[in-house]
Amino acid sequence: MTRSHKFAGAASLLALSAGMAHADPALMFDLGGKFDKSFNEAAYNGAERWREETGGSYREIEMQAAAQRVQFARRLAEAGSNPVVVMGFQNAPTLEEVAPDYPDTSFVLIDAVVDLPNVRSVIFAEHEGSYLVGMLAAMANETGTVSFVGGMEIPLIAAFACGYAQGAKAVNPDINVIVNYTGDTPAAWNDPVRGGEIARAQISQGSDVVFAAAGGTGLGVLQAAEDAGVFSIGVDSNQNYLHPGSVLTSMLKLVDQAVYDAFTDGPGLETGVVQMNLAAGGVGYALDEHNEHLISDEMQEAVEAAKAAIIAGELSVHDYREDSACPAF
Amino acid sequence: MDMMVLVQVLESTMRLATPLLFACLAGLISERAGVFDIGLEGKMLVAAFMAASIAFVSGNVWIGVVAAVGVSVLMSLMHGLASITFRGNQLISGVAINFLAAGITVVIAQNWFRQGGRTPSLSGNARMARIDLPFAEALRDVPVIGPIYHGILSGHALLVYVALLCVPLTWFMLFRTRFGLRLRAVGENPAAVDTAGVSVVGLRYAAVAICGVLCGLAGAYLSTGLSAGFVKDMTAGRGFIALAAMIFAKWRPWHALGAVFLFGLLEAVANRFQNIDILGVNLPVQAMQALPYILTVVILAGFVGKAIPPRAGGAAYVKEH
C-alpha cells in the first residue's frame, strides 16, 4: 500500500468515525411533503422543536416518488444518521428491507408496525381521537347529516372514518354519516380541487360538518366548507387557524411528540411497539382561541367524559384495522 | 329529491368541465393548424401557478389571470419556436413543456413562498367571485326552468361562461372567417397555403398563441376559481383528458363541448356516488373512480369510429423538398 493510499484510508476512517460520533438524527418525510399542513408538517414541527431546545442538528429528506423510498432510507443510514425516523404506513416495507442491513442504526416508523430488533414502531389510536371529534360533530350538527372525506380507502383512513361515525352515533343514533374517498393513487393526498368538489357534493346532501383526513386534499375540503358556511374538522396537526370560525376542531395526532421523543432518545433508543392512544396523550381534539366560541361548555363536558371513559377502559371504540369491519356503517 | 341530486351533479359537471373545455379548444385550434400539442397539461399547470401567485401578491384575481395567460402564451411560443421555426418534433417539444412545468412551478413556489411548493391560500378578491345570472332568484321556483337556470347555470365564476362562449367563437372563427379557413388549410395542406402567398409560419404561430391564451384561462380557473391556491401537480392529468376529448370530438368545437361535458359528468358522478349497488353487487369506490378512465379507453377504442387528424398535423412545413 502506498503512502497516499494509507493516508486516504486514514482520512476516510476519520471521516466515518466523526460521522458516527455526531450521529445526527434524520427524518424522512412521506409523499405528502414537508409542508402538507398535516401529518408530515407535524413531524417537521417536532423535529424543529427538538432542534430549538437542544441546539442539535438533523438531516431531513423529502421524496418525489414512491420508487425513492428504499433508496433514500438507505442513503440516510449510510450517512451515519441515527436514529432514522421514517414517516408513513407506506414505508413499512421500506424498513423491512433496509433496517436488517444496518443493525447498529435505530429506526423509528410512524404509523405502522415492523417487527425488527432495531425498529421502534409508533402507532396512533386514530379511532379514539376520531371518536371524540365525531361526538363534537354530532353535537354541532343541525341537519342530521355529517360527512367524512378520506384520502385513499385503506385500513388506516377507514379507522378514522369508523371512529368518527361511532362518535357521531353515540351522540345521535339516527345521524347519517356520509363517507367518501378522494382516489386510489398517491395523487389522492394532493388534489384539493377534487377534495373541494367532494365536500360540496356532501354539503349538498345535507352535511353540515365535514371531517377531512386526506393530507393536502383536506385543504380543499376545509376551503369548500368555509365557502358553504358549514363546519369542518381538520386532521393530524391543529388546523383550527386555517379558517377560524369554520374549522370546528382538529383531530390531533401528536406525530410531533413521537418525532421529538425519538430524537431525544437518540441512538440505541428503546425499540418495539409504542401505542400513542388517548391514555398516552397521543391523540386528541384541538381547542384554542380560534374555535373556543364554537365549542360550548356542554359539548366540552360530554367529550371530556367520553375521553375519561375511554382512558379508564369503560368505553371501547372499535378499531377498523382489527377486523376490517365497522359497526357504525 | 332525485331532481335535486340531478341538479347538483350537473352543477358540479359545469365546474369540472370548464378547465377541460378551455384546454380542449386550445388543443383543437393548435392541431387544426397542424401543430400537435401534448403540452396542454404543462401550460395549464404553469398558468395555475402564475394565477395563484400573482393573485395572492396583488390581491386581485384578474391581474393573476392576465399573468397566467401571459406565461402560458410564452410557453406556447416556446413550443412554436421548437416545432415551427426549428422544425423539431412536436411531441417531444410538448413532453418537454410538461416536464418543465411540473418542475419549475414547485421550485419557484418554494423560492417565493416557502410553503413546500404551494402558494398561500387565496381569499377575498384574490379568488374568482361567483356570478349570479340576472333573474336567477326570480326564476328559482319556476318548474323545469328554475332548477336548470338557477341550479345549474347560475352561480359560477365568470370564466365558466367565457368557456361556454368560446365554443361558438371557435366555431365561427374556424368555419366562417378567412383566418379560420387559412388556419384549417395550413393543417391540411400547407403547401397550397404557401403557394397562395400566405405565411404558413405566421398562421401556425397565431394558432399556438391562441392555444396559449386558452390554456392560460384553464389554469387560472383551476387555481383561483375551482380551488383557492396552487399545489404541485394540481392539473392531475386534466390536460390529457382534454386531448382525449378533442379526439373524441374529432377536432370539432361543438362536439368538443359535448365530449368535455361527458368527462365532467363522469367525474362528478364518481365524486357523488362512491358506492353503487347494481343488481345486488356493490361496486367499490375504486371502480367508480376508475370509471372516467375506463370509459375514455372504451369510447376512444370503440365508439368514436375513425378519428382522422388534420393531414399535415405533426409535421413541420418545409418549403422545398
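Is Phe56(B) buried or exposed? I opened my notebook with this question and worked on a predicted model throughout.

**Entry 1: Phe56(B)**

I located Phe56(B) in helix 2 of chain B. I counted 23 other C-beta atoms within 10 Å of Phe56(B), so I recorded this residue as buried; the cut-off for that label is 20 or more. I then looked for its contacts, leaving aside residues up to four places away in sequence, and found Thr119(B), Pro120(B), Leu122(B) and Ala126(B). I also noted Arg127(B), which is 71 residues from Phe56(B) along the chain, with 8.8 Å between the two C-alpha atoms.

**Entry 2: helix 2 and helix 9 of chain B**

I stayed with helix 2 of chain B, which covers residues 40-58, and examined how it packs with helix 9 of chain B, residues 200-226. Two packed helices are described by the angle between their axes and the distance between the axes. Here I noted an angle of about 55° and axes 7 Å apart. Helix 2 and helix 9 of chain B are therefore oblique to each other. I entered their crossing as right-handed.

Which residues of helix 2 of chain B make the contact? I listed Leu40(B), Lys43(B), Met44(B), Leu45(B), Val46(B), Ala47(B), Ala48(B), Ala51(B), Ala52(B) and Ala55(B). From helix 9 of chain B, the residues include Gly212(B), Cys215(B), Gly216(B) and Leu222(B). Sorted by class, the contact between these helices has 13 nonpolar, 5 polar and 1 charged residues.

**Entry 3: where chain A touches chain B**

I next looked up the contact between the chains, where 23 residues of chain A meet 23 residues of chain B. On the chain A side, strand 7 (176-181), helix 7 (192-204) and helix 8 (217-228) each supply at least two residues. Which element of chain A gives the most to this side? I found helix 7 of chain A, with 9 residues. I divided the chain A side into 7 nonpolar, 9 polar and 7 charged residues.

**Entry 4: a sheet in chain A**

I traced an open sheet of 6 strands in chain A, with the order 7-6-8-9-10-12 and mixed pairing. Strand 7 and strand 12 (283-285) of chain A each have a single partner strand, so they stand at the edges and one side of each lacks a neighbour in the sheet. The twist from one strand to the next averages 15°.

Within this sheet I checked strand 6 (residues 145-150) and strand 8 (residues 209-213) of chain A, which run parallel and are joined by 4 bridges. Phe148(A) has Phe211(A) of strand 8 as its bridge partner. I also saw helix 5 (residues 126-140) of chain A lying across strands of chain A, among them strand 6, strand 8 and strand 9 (231-236). Helix 5 runs at about 170° to strand 10 (247-253) of chain A.

**Entry 5: strands 3 and 4 of chain A**

I found that strand 3 and strand 4 of chain A run parallel, with 4 bridges between them. Val85(A) stands opposite Val108(A) of strand 4. In a regular strand the side chains alternate between the two faces of the sheet. In strand 4 of chain A, I saw Phe107(A) and Leu109(A) point one way, while Val108(A) and Ile110(A) point the other way, and all are buried.

**Entry 6: backbone exceptions**

Most residues other than glycine have a negative phi, and most peptide bonds are trans. I searched for exceptions.

- Asp111(A) is not a glycine, yet I read a positive phi of about 95°. I placed Asp111(A) in the loop between strand 4 (107-110) and strand 5 (119-124) of chain A. Asp111(A) counts as buried because it has 23 C-beta neighbours inside 10 Å.
- Trp251(B), also not a glycine, has a positive phi of about 60°. I placed Trp251(B) in the loop between helix 10 (238-248) and helix 11 (253-272) of chain B. Its 21 C-beta neighbours inside 10 Å are why Trp251(B) counts as buried.
- Asn82(A) and Pro83(A) are joined by a cis peptide bond, with omega about -5°. I found Pro83(A) in the loop between helix 3 (69-78) and strand 3 (84-87) of chain A.

**Entry 7: helix 9 of chain A**

I closed with helix 9 (residues 255-265) of chain A, whose buried residues include Val255(A), Ala258(A), Val259(A), Ala262(A) and Phe263(A). Gly266(A), just after this helix, takes a positive phi of about 75°.

Note on methods:
Residues are numbered from 1 along each chain as its sequence is written. Chains are lettered from A and ligands numbered from 1 in the order in which they are written. This is a predicted model: local features need pLDDT of at least 70, side-chain atom pairs count only at pLDDT 80 or more; totals for chains, interfaces and linings use all residues. Two residues are in contact if their C-beta atoms, placed from the backbone, lie within 7 Å. Ala, Val, Leu, Ile, Met, Phe, Trp, Tyr, Cys and Pro count as nonpolar, Asp, Glu, Lys and Arg as charged, and the others, Gly among them, as polar. Axes are lines fitted to C-alpha atoms, for helices over the stretch in contact, and angles run from 0 to 180 degrees between N-to-C directions. Angles under 35 degrees count as roughly parallel, over 145 as roughly antiparallel, 65 to 115 as roughly perpendicular and the rest as oblique. A crossing is left-handed if the near helix is turned anticlockwise from the far one by less than a right angle, and right-handed if clockwise. A residue is buried if 20 or more other C-beta atoms lie within 10 Å of its own, exposed if 12 or fewer, and partly exposed in between; C-beta atoms are placed from the backbone. Two strands pair if DSSP finds at least two bridges between them.
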